[in-house]
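Please open the model in your viewer and keep the selection panel handy. We will go from one selection to the next, with a short note on what to look for at each stop.

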Amino acid sequence: MPGYNFNNEEELIGRAKNNPRIFGELYDAYYPRIFGYVFRITGDHDLASDITAETFLKAWLKIGSFKWRGISISSWFFKIATNELNQYFRKKKYSPEVLRDLSGLDGEDPRGASSYGNEDNTAAWKMDEAVEFMQLRQKLNTLPPKYRQVLALRYFEELSIAQICQILGKKENTVKSLLSRGLDKLRNLFP
Amino acid sequence: MHYNYKAVTMDKKKMAEYLETIPKPAPDEAGGQERLKIFLVTARRSSRIGLLLIGLPALLISLFILQTLLHIKIGFIRWLGENASSLPTLARAVLIFVFLIGFPMIAMILNLLSLSHFQYDRLRREFRITFRIRWWNIAIALAGGALATFYILHLLADTLLGGE
């Protein structure tokens with residue numbers, strides 16, 4: 001975000017605790033990243049809007065208790081968003097999509113991917129790429145949450161192992177192990 | 001360059017490379033970002049605010065019904081009547097309009113907005129309006145509309161029949 005000084009984040013967070021307008025600067029800086037993260041997992045623009053909104057609302061309510069530990073507040077936002085996603089998948093009575101539904105996607109009408117193409121999206125997202133990503137996302141979402149989370153954070157959001165550890169509250173070896181097992185499980189879903 | 005997963009036998013390393021290189025969507029979120037910044041509510045929050053906005057008028061009408069139909073004397077209603085009559089007519093009218101019609105209508109609008117989404121799909125040249133089914137929001141919106149309608153009809157009846 002233009003004008004946002006990531007080096008000054010500690011001071012900004014301190015001021016944001018007492019000033020909602022200052023919190024707005026954090027919000028503007030990180031909303032696109034969190035929205036993109038949620039959208040890439042859910043594939044639903046409206047749902048992503050709601051979950052992202054819930055994420056920032058909870059952050060706004062709890063900013064007073066946030067303690068600066070030399071880690072960007074983005075990890076905290078990702079953590080809240082991840083918890084919201086888990087809640088969403090649980091409330092949906094989350095159950096993995098059966099493989100026969102996934103195998104039918106090879107000939108699927110790509111119009112289902114149109115939510116990835118927005119008239120304002122200057123990234124010029126191509127329809128065939130949207131279909132491929134959607135198929136990958138659906139396979140990823142059949143995995144248990146612990147694998148889905150680490151894979152999405154590592155490969156969709158391109159976060160480091162250290163950042164993932166902060167977000168999920170897990171040790172480095174645990175995250176590496178989850179990534180390795182997650183890749184195995186995901187690989188097995190491909191023909 | 002990214003791998004076509006159908007053409008390449010995946011080992012774990014290639015799976016990782018595939019995930020790293022597959023093009024990922026970068027959705028446009030500007031509209032949602034601004035809306036949230038203005039309202040800072042989600043659909044669930046708007047339903048809670050809506051509940052408050054219709055709860056108070058609904059409570060008032062319930063108390064009036066108890067007093068009028070069941071002849072149960074309620075001190076709060078008597079107090080309200082005594083204090084309201086001491087206000088200037090215009091002030092009383094504005095208060096009644098805001099509290100008994102404005103609040104329920106705001107509740108109805110907030111919840112209807114939270115349920116609806118408007119989107120133009122340029123690729124398919126379609127304008128889509130979608131409504132999410134969230135029963136709690138729908139209930140609040142209907143209750144707000146019903147309350148506002150009730151009071152508007154009540155005011156019309158009073159006016160036409162020359163009531164107080």
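In what order do the elements of chain A run from the N terminus on? They run α-α-α-α-α-α-α-α-α, giving a secondary structure of 9 helices and 0 strands. Helices (H or I, at least four residues) and strands (E, at least two) are DSSP runs, numbered from the N terminus.

Before selecting anything, note that this is a predicted model, in which local features need pLDDT of at least 70, side-chain atom pairs count only at pLDDT 80 or more, and totals for chains, interfaces and linings use all residues. Residues are numbered from 1 along each chain as its sequence is written, while chains are lettered from A and ligands numbered from 1 in the order in which they are written.

**Stop 1: the two chains**

Color by chain. Chain A has 191 residues, of which 36% count as buried; for the 164 residues of chain B the share is 21%. Here a residue is buried if 20 or more other C-beta atoms lie within 10 Å of its own, exposed if 12 or fewer, and partly exposed in between, with C-beta atoms placed from the backbone. Chain B holds 6 helices and 2 strands, in the order α-α-α-α-α-β-β-α.

**Stop 2: A:Ile13**

Select A:Ile13, in helix 1 (residues 9-16) of chain A. It counts as partly exposed because 19 C-beta neighbours lie inside 10 Å. Add A:Phe66, A:Trp68 and A:Ile73, which A:Ile13 touches when residues up to four places away in sequence are not counted. Two residues are in contact if their C-beta atoms, placed from the backbone, lie within 7 Å. Draw a distance between the C-alpha atoms of A:Ile13 and A:Trp68: they are separated by 8.1 Å, though the residues are 55 apart along the chain.

**Stop 3: helix 4 of chain A**

Now select residues 73-91 of chain A, which form helix 4. Its 19 residues reach 27 Å from first C-alpha to last, close to the 27 Å expected at 1.5 Å a residue; the expected span is 1.5 Å times one less than the number of residues. Which residues of this helix are buried? They are A:Ile73, A:Ser74, A:Trp76, A:Phe77, A:Phe78, A:Ile80, A:Ala81, A:Thr82 and A:Leu85.

Zoom in on A:Phe77. Leaving out residues up to four places away in sequence, A:Phe77 touches A:Tyr30, A:Ile34, A:Thr55 and A:Ala59.

**Stop 4: the largest nonpolar core**

A nonpolar core is a set of buried Ala, Val, Leu, Ile, Met, Phe, Trp, Tyr and Cys residues joined through C-beta atoms within 7 Å. The largest one has 47 residues, and those with the most contacts inside it are A:Ile34, A:Val38, A:Phe77, A:Ala81, A:Val150 and A:Leu151. Among the elements giving two or more residues to this core are helix 2 (20-42) and helix 3 (45-62) of chain A, together with helix 1 (12-21) of chain B. Helix 2 of chain A supplies the largest share, 12 residues.

**Stop 5: helix 7 of chain A**

Show helix 7 of chain A next. It is largely enclosed by the rest of the structure, because 10 of its 12 residues are buried; A:Arg148, A:Gln149 and A:Arg154 are among them.

Bring in helix 9 of chain A: the two pack at about 100°, with their axes 9 Å apart. Axes are lines fitted to C-alpha atoms, for helices over the stretch in contact, and angles run from 0 to 180 degrees between N-to-C directions. The contact has 7 nonpolar, 1 polar and 4 charged residues.

Just past helix 7, pick A:Glu158 in the loop between helix 7 and helix 8 of chain A. Its phi is near 55°, a positive value in a residue other than glycine. A:Glu158 is exposed, with 10 other C-beta atoms within 10 Å.

**Stop 6: across to chain B**

Finally, show helix 9 of chain A with helix 1 of chain B. Their axes come within 9 Å and cross at roughly 85°. To see the contact, select A:Leu183, A:Asp184, A:Leu186 and A:Arg187 on one side and B:Lys12, B:Met15 and B:Ala16 on the other.

Technical notes:
Ala, Val, Leu, Ile, Met, Phe, Trp, Tyr, Cys and Pro count as nonpolar, Asp, Glu, Lys and Arg as charged, and the others, Gly among them, as polar.
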